[in-house]
Amino acid sequence: MIQYGLFLLGIVYGATADVDPCQEGRHVIMDDPTRFTTYVTDPSSAECGDIDIVVQWYRIPFGFLATTPPPLNRCGTRYPVWVTPETLPAIGESSLGRICLRTTSDNCRADGSIEVKNCGSFYVYELVRLNSYWCPLGYCLEADSSILVLPSVTPSLTDDTTVVDGNEYSSKTILFTCTMEANTGVDRTALFYDVIWYINGREVKRRTALTYTTLQSDGTLRENEWTTSYTLAMQIACAVEAMSTASTGTGNFEKSAPFFAGIVTELSADTLQENGELELRVRITVPIGCMYDPRHENNIKTYEQNNCFLYVRVVRPEPDTDLCTLGGLNSHTLIQKGCGIHIYHTDWTATHVITVRGSPDNIVNSGYRLAKLQLRTDQVFIHETWTNVLSDNIEIHVHDDDVDLMGKLCYSSNDPHMSTFDGRNFELQKSGEYVLYKHDSLMISIHAFFQRCVFGWSHATCNCAIAIRYKNSVFRVNYCKHSSNGFNSAVEFNSCDTEDTMTIKSFQSRHTFGSGFQIVLPSGTMVNFRYGSYSTGGAMFIHYILIKPSVIDWMASTGLCGHLNGTIDDDFIMKDGSQTDDAAEFSNSWKIPSGSSESLFKNRLEQQPIPSTGTQHTYCTCNDVGEATCSNSPAKPCSSASSSTNNRYVGFLDTCHRVTKRDTDHTDQETTVYIPSWPNLEEGDDPETETRDWSGDWTEASAAEACRNFFRTSPLVQTCERVVPGFHSEVYVPDCTKDIKLTGSTMFMESTLNLLQTACISEAERLENLTNERTDRGVTILEDLLSISCLNNCSNVGTCVNGTCECEAGYDGIDCSESGDIPPYLPQNRNIGMCDLSINVCSKLVVSGENFAAAELMCKAQRFKLDGDVVEMEGGPVTFSGTYVNSYLAVCSILASRKRRSTSTDKPTGYKISMSNDRTTFSDEITFIIYNFNCFECNITALRCTEKQSESCNQQTVDDVSTVPDDSNSPAIGIAVGVSMAALVVVLVTICYRLFLKKSVVAAKLNFEAELDDGISLYNEEPLIISVGPMSYALPQKPLPAWEDTDISHM
């Protein structure tokens, strides 16, 4: 026979942790007169409502849950439910009370348990739903006639006087009153009272023999009676003994429920999803007072609205710590629309809502992530009692959504093979610019540019450029062919946005696959790519682009990476929103037409209007003092140090031109240089994809097996397949096999392995369990994995520590491959080599090449003048320190004089530039021509300039560029242009010494060709600005030079 209990099967109830149900507001009152044992019920109208009772804490005023078996047909039901008294807890404690069902045959026909707490003068009960099998049934209450009154604490404001700096001001301050509810038939005004006040359980005030009237005055608790010892965020209670005469007190006090005076909060849900939202409801339980300026006594309401309020900030309870995760995001919880709220004196009882958003952390957590918040008031001058009041800690459990992104990667590899986030593979043997990824609502897009591979395969394309955009910030690497039979060489970040930008990490190496970048966008989306050349002087291209999505990309991605939602069925959504199963049709829809404003590879990028915060959400992280850092993205990338140290940059050039006073004065920017960037070559319609036969002894089976064996010889791949769920090298075998069929060789095999290894690390770093579990060697699984992940085994001159090479002295780079043992290689076809003075100053030359090393990078510059095709050398070469940008870019800085009017007789000038990594062995020379486009037409290949017949030439303002190196590690010495200048040199040095004596001149940069009244600065104190087209790079100024660093043998 089935035994039916009092509760619904399968439901378990329990008290909520860390919540005191005795407190006012933490329980509800149950006082329905039909529920008491004295109420006789008509059997025909007996109810069964408690099968749907709201599960919460209840208090019964002037009574309790019946402790003896009630008669049948009482309490509004047929079968009453009561609690056995022996199971009730002692004062201040909680226990499970046994409840019983009274029936015609048994006083406890069925039983169960409920949570009960003894609050001293009363009990509270967590009542639960009853089993409908026993209907009609219900909880039964019992009255207590011995209780005359029940006290409770009521806050309000009272008129008062506040003294500030010896001056008295009218004010309103807090008053607590012990309000009483009388039992049936009791006249409160006919009784006498003793009253005791408690704060945090300690007695702070006692009054005796009070009448009901004096209880409302002398029996209250005023603000000045507790502020010297206590602050808000406290528990207040009052206890009252009611007596018929003033002299017969028995000491039987009825104590009120504790009243919390401060800030109370409530969450709208128990759990917060990553990228989800919940409401944090906030209210204060005590009114805000006010202090009044007598000058505004005729307009009190306006004065109170404008002055009588407090500001409640959202803060973190612990000091600000670095919560940057390996996923590249900060794990702070986000607050929508700022880090605080205003609460006004005039509507202090209102409940305010703060929207909390679960920030993604790009980590597959082992369990729930715990986020802690706290509320704190600012200083409140009009009511100091409310200053720096704290709420209790607010703990939010954040549910992990990153688990849905395990194995989700979009990539473009080699020639190129494509894969969407959800794993749909296709080929893209097309040329031009394409949208790889675009977010539906955030201003984020990633474009790639494809051109014919230079290896002789007419039917294959290679990736030569990538551009990543967030709002109007763009990072791009462009090594594509241009229309002048050369190659662009741009590694630049154009970001004038002061916030919400992307985080960029650079990798530099001489190794073919070592140089590249890892970029974390404000959405948390992570982009990895590697670039390089297969041979010295060979064409540069991007080996692969790997995009790892964040939870913010879920159901929000478009482009060639597809629609991220866990299925490949709808990955081929075209730009117009329609769907296709044809890869070519899908790809073509995401191609950017030549010359389109959507292109990210134009020098003058189209600025897109950024939506106002009225149309986009604002998300803020709040630090431990309540200061907000806000953005439009619901993710917070870790901050990245992008400053330069030791005359080195972070692998790229910042091309944002920030306006300075020098700009607004229309004065020459002596520290700027123009670097022309040609449009990428558009190669027209693509020929039909050829079907290539297997060459040599290769077959599909042998190629696949070669790829498979090559991948599995990697210790990193072997470990990844063992510890990273769902990671299989077999996924990459088909692409590797196609590369062998295309090339007849294994030249792309290592590139595919590098992609596979990057994908492995991208996944492994996001698995929290790999940072918690340890191997037999005592290190975490992730540390063990990273210890074998360093590129090229650190070139055998370094040690791999957590995925980073610690190089021996004299070696540098991601794999310790950079050193000064070989000179740089400078190909002219990667350097456009012409600088137009009509657009910008040409004093800083960005040199593209290979094998640049940072330690002792030197430039050698030989100035010349160009008259037609006649080249006239001026003086001898000057040697000075170069500036390392990355393995493929460096800067040679030449100082320019201030502007003057040009004439038609001004001939183009230029430099022969060579570079060295050891101050001794220099590269071959490349040529830079500096000219005025309005006056001359120049050809860098023929080294010839032809004068134009242009009336506008004489109106152009240009810069006379001296041959003085702008060298921060060598003295700035001008090139002598004749013995007749010697006297002028002495005069200039004497004048400059007197002018700048007070500035403690260390070195002077003199321009022998400048006029005396040109006002030339002897210091290059401005930041270096390296511009590309209409944009410019801002680089930090290097320290002053040392004399011995300059080669003066030709002076």
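Start by selecting strands β4 (residues 79-83) and β5 (residues 94-101): they run antiparallel and are joined by 3 bridges. Within that pairing, look for Val-83, whose bridge partner in β5 is Ile-99. Keep in mind as you click around that this is a predicted model.

Now widen the selection to the sheet these strands sit in. The sheet is open and has 7 strands, in the order β1-β2-β7-β6-β5-β4-β8, with mixed pairing. Colour β1 (28-29) and β8 (137-139) separately, since they stand at the edges; each has a single partner strand, so one side of each is left without a neighbour in the sheet.

Zoom out for a moment and show the whole chain. There are 11 helices and 61 strands in the protein chain. Of its 1051 residues, 54% count as buried. Among the contacts with a separation of 6 or more, 67% are between residues 24 or more positions apart.

**Around β33**

Next, select β33 (residues 461-470). This strand is mostly covered, with 10 of its 10 residues buried. Add β32 (residues 444-452), which pairs with β33 in the antiparallel sense over 9 bridges. Show Phe-450 as sticks and you'll find Asn-463 of β33 standing opposite.

Then add β34 (residues 473-478), which runs antiparallel to β33 and is joined to it by 6 bridges. Here Ala-467 stands opposite Arg-476 in β34. Follow the backbone round the turn: β33 and β34 make a hairpin with 2 residues between the strands, and Lys-471 takes a positive phi near 50°.

**A stop in a loop**

Go to Ile-552, in the loop between β39 (541-548) and β40 (557-558). Is this loop residue buried or exposed? Ile-552 has a relative accessible area of 5%, and the cut-off for buried is under 20%, so Ile-552 is buried. To see what surrounds it, display Asn-275, Pro-360, His-439, Leu-442, Ser-523, Pro-634 and Ala-635, which are its contacts once neighbours within four places in sequence are left aside. Try a distance label from Ile-552 to Leu-442: their C-alpha atoms are separated by 9.6 Å, although the two residues are 110 apart along the chain.

**Rings, and charges over rings**

Time to show the aromatic side chains. The count comes to 27 aromatic pairs. One of them is Phe-529 with Tyr-531, a tilted pair at 6.5 Å centre to centre and 35° between the planes. Both Phe-529 and Tyr-531 are buried. Expand from there to Phe-475, Tyr-479, Phe-493, Phe-517, Phe-652 and Tyr-888, which belong with Phe-529 and Tyr-531 to one aromatic cluster.

Jump to Phe-710 and Phe-711 for another tilted pair, 6.5 Å centre to centre with 55° between the planes. Which of the two is partly exposed? Turn on the surface: Phe-710 is the partly exposed residue, with a relative accessible area of 28%, whereas Phe-711 counts as buried at 0% relative accessibility.

Two more rings are worth a click for the charges over them. At Phe-122, the charged end of Arg-59 sits over the ring, 3.7 Å from its centre. At Phe-922, Lys-860 lies over the face, at 4.2 Å from the ring centre.

**Helices α6 and α8**

Select α6 (residues 715-723) and show Leu-716, Val-717, Thr-719, Cys-720 and Val-723, which are buried. Rotate until you look down the axis of α6: the buried residues fall within an arc of 165°, so they line one face of the helix. Now bring in what they pack against, namely α5 (700-712), α8 (749-764), α9 (769-772) and α10 (781-786).

Stay with α8 next. It has 16 residues and reaches 23 Å from its first C-alpha to its last, close to the 22 Å expected at 1.5 Å a residue. How many of its residues are buried? The count is 15 of the 16, so α8 is largely enclosed by the rest of the structure.

**Last stop: another hairpin**

Finish at strands β46 (residues 798-801) and β47 (residues 804-807), which run antiparallel and are joined by 4 bridges. Pick Gly-798 and trace across to Cys-807, its bridge partner in β47. The two strands form a hairpin with 2 residues between them, and Asn-802 in the turn has a positive phi of about 50°.

Conventions. Residues are numbered from 1 along each chain as its sequence is written. This is a predicted model: local features need pLDDT of at least 70, side-chain atom pairs count only at pLDDT 80 or more; totals for chains, interfaces and linings use all residues. Side-chain values use heavy atoms; hydrogens and water are left out. Rings of Phe, Tyr and Trp (its six-membered ring) pair if their centres lie within 6.5 Å; planes under 30 degrees apart count as stacked, over 60 as edge-to-face and the rest as tilted. Buried means under 20% relative accessible area, exposed over 50%, partly exposed in between (1.4 Å probe, protein chains only). A charge sits over a ring if NZ of Lys or CZ of Arg is within 6 Å of the ring centre and within 35 degrees of the ring normal. The arc is that of the directions from the helix axis to the C-beta atoms. Contact means heavy atoms within 4.5 Å. The expected span of a helix is 1.5 Å times one less than its number of residues. Two strands pair if DSSP finds at least two bridges between them.
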